[in-house]
Amino acid sequence: SWAEQIAQTMLEHFTDPDGGFFSTPVDQQDVIVRPKNHFDASVPSGNGMALAGLIRLSLVTGNNRYRDHAASHLARFKPILARSSGGHGQMALATDLLWHGAAEVVIAGDRDHRFAAATGRNYLPDPVVIQANDPQQLPPHLRSRLAVPGAALCVSGQCWPAATQLAAWRQCLSQQYKQ
């Protein structure tokens, strides 16, 4: 809920109708120009980070509104990315996340953190990890993936059966990136 509040503030006060987000809020009076940086420099682009954050929030909450906002903004940056892709690594990562999704890990009831520890020992590129003390505390759209304590994994829309035993979870994780 905290992340959704932050996203809502960002969408209401920092959105540029022409795409992306400004660095200052709409109601800030002491600026001559509202900057909107989309280039990566010594730190990733704030716009690229914001868009990736919206896509991840959509995966966690099941609310496609965040994904739709990100897709709309990324579409508006497409001409810029086509001309200068080298300066937009974070935007490219956000685009990849939008198009291909992320490894989604759902862990619930992991009181001794064994499932979480096993997850960290395996290669999952840029995963979205959702954890809860009990499966009933998971967001509603994820409860069907994991109805009992254990862990579940989806990669690029393909979901594997939930694992309730640590050995089965390790097996599931080890099979993902052997190609």
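## Notebook: disulfide, salt bridges, cores and His73

I searched the whole structure for disulfides and found 1; I note at the outset that the model is predicted. The disulfide joins Cys154 to Cys159, with an S to S distance of 1.9 Å. I then looked up the torsion about the S-S bond of Cys154 and Cys159, which is about 105°, so I entered the disulfide as right-handed. For Cys154 the relative accessibility is 1%, and I list the residue as buried, whereas Cys159, at 45%, counts as partly exposed. I also checked Cys172, which is in no disulfide, since the nearest cysteine sulfur to it, that of Cys154, is 9.2 Å away, and a disulfide requires sulfur atoms within 2.5 Å. Cys172 counts as buried, at 10% relative accessibility.

Next I turned to the charged pairs. Side chains of opposite charge can pair when their charged atoms come close. How many salt bridges does the structure hold? I recorded 4 salt bridges, and I followed up several of them individually.

I took Asp126 and Arg56, which form a salt bridge whose closest N and O atoms are 2.6 Å apart. The pair links distant parts of the chain, 70 residues apart, with Arg56 in helix 2 (residues 46-61) and Asp126 in the loop between helix 5 (114-120) and strand 2 (128-132). I noted Asp126 as exposed, its relative accessible area being 53%.

I then looked at Glu104 and Arg145, where the salt bridge has its closest N and O atoms 3.1 Å apart. Glu104 lies in strand 1 (residues 104-108) and Arg145 in the loop between strand 2 and strand 3 (150-155), so the pair ties together parts that are 41 residues apart in sequence. Is Glu104 buried or exposed? I find Glu104 buried, with a relative accessible area of 11%, which is under the 20% limit for that class, while Arg145, at 24%, counts as partly exposed.

I also looked up Asp112 and Arg114, whose side chains meet in a salt bridge at 2.9 Å, N to O. Here Asp112 is partly exposed at 45% relative accessibility, and Arg114 is partly exposed with a relative accessible area of 40%.

After the charged pairs I went to the nonpolar side chains. In soluble globular proteins, nonpolar side chains tend to be buried together. The largest nonpolar core in this model has 30 residues, and those with the most contacts inside it are Phe21, Leu51, Leu54, Leu74, Val106 and Leu138. I listed the elements that give two or more residues to this core, namely helix 1 (2-13), helix 2, helix 3, helix 4 (89-100), strand 1 and strand 2. Which of them gives the most? Helix 2 does, with 7 residues. Apart from this core I found another, of 14 residues, among them Ile107, Leu124, Ala163 and Trp169.

I followed Phe21 further and, leaving aside residues up to four places away in sequence, found that Phe21 touches residues including Met10, Leu11, Phe14, Lys36, Asn47, Leu51, Leu54 and His73.

That contact led me to His73, which is found in helix 3 (residues 64-83). With the same exclusion of residues up to four places away, His73 touches Thr15, Asp16, Gly19, Gly20, Phe21 and Leu51. I entered His73 as buried, with a relative accessible area of 3%.

Terms used. Residues numbered from 1 in each chain as written. Predicted model: local features only at pLDDT ≥ 70, side-chain atom pairs only at ≥ 80, totals over all residues. Heavy atoms only, no water. Helix = DSSP H or I, 4+ residues; strand = E, 2+ residues; numbered from the N terminus. Buried < 20%, exposed > 50% of the residue type's maximum accessible area, 1.4 Å probe, protein only. Contact = heavy atoms within 4.5 Å. Core = buried A, V, L, I, M, F, W, Y, C linked by side-chain atoms within 4.5 Å.
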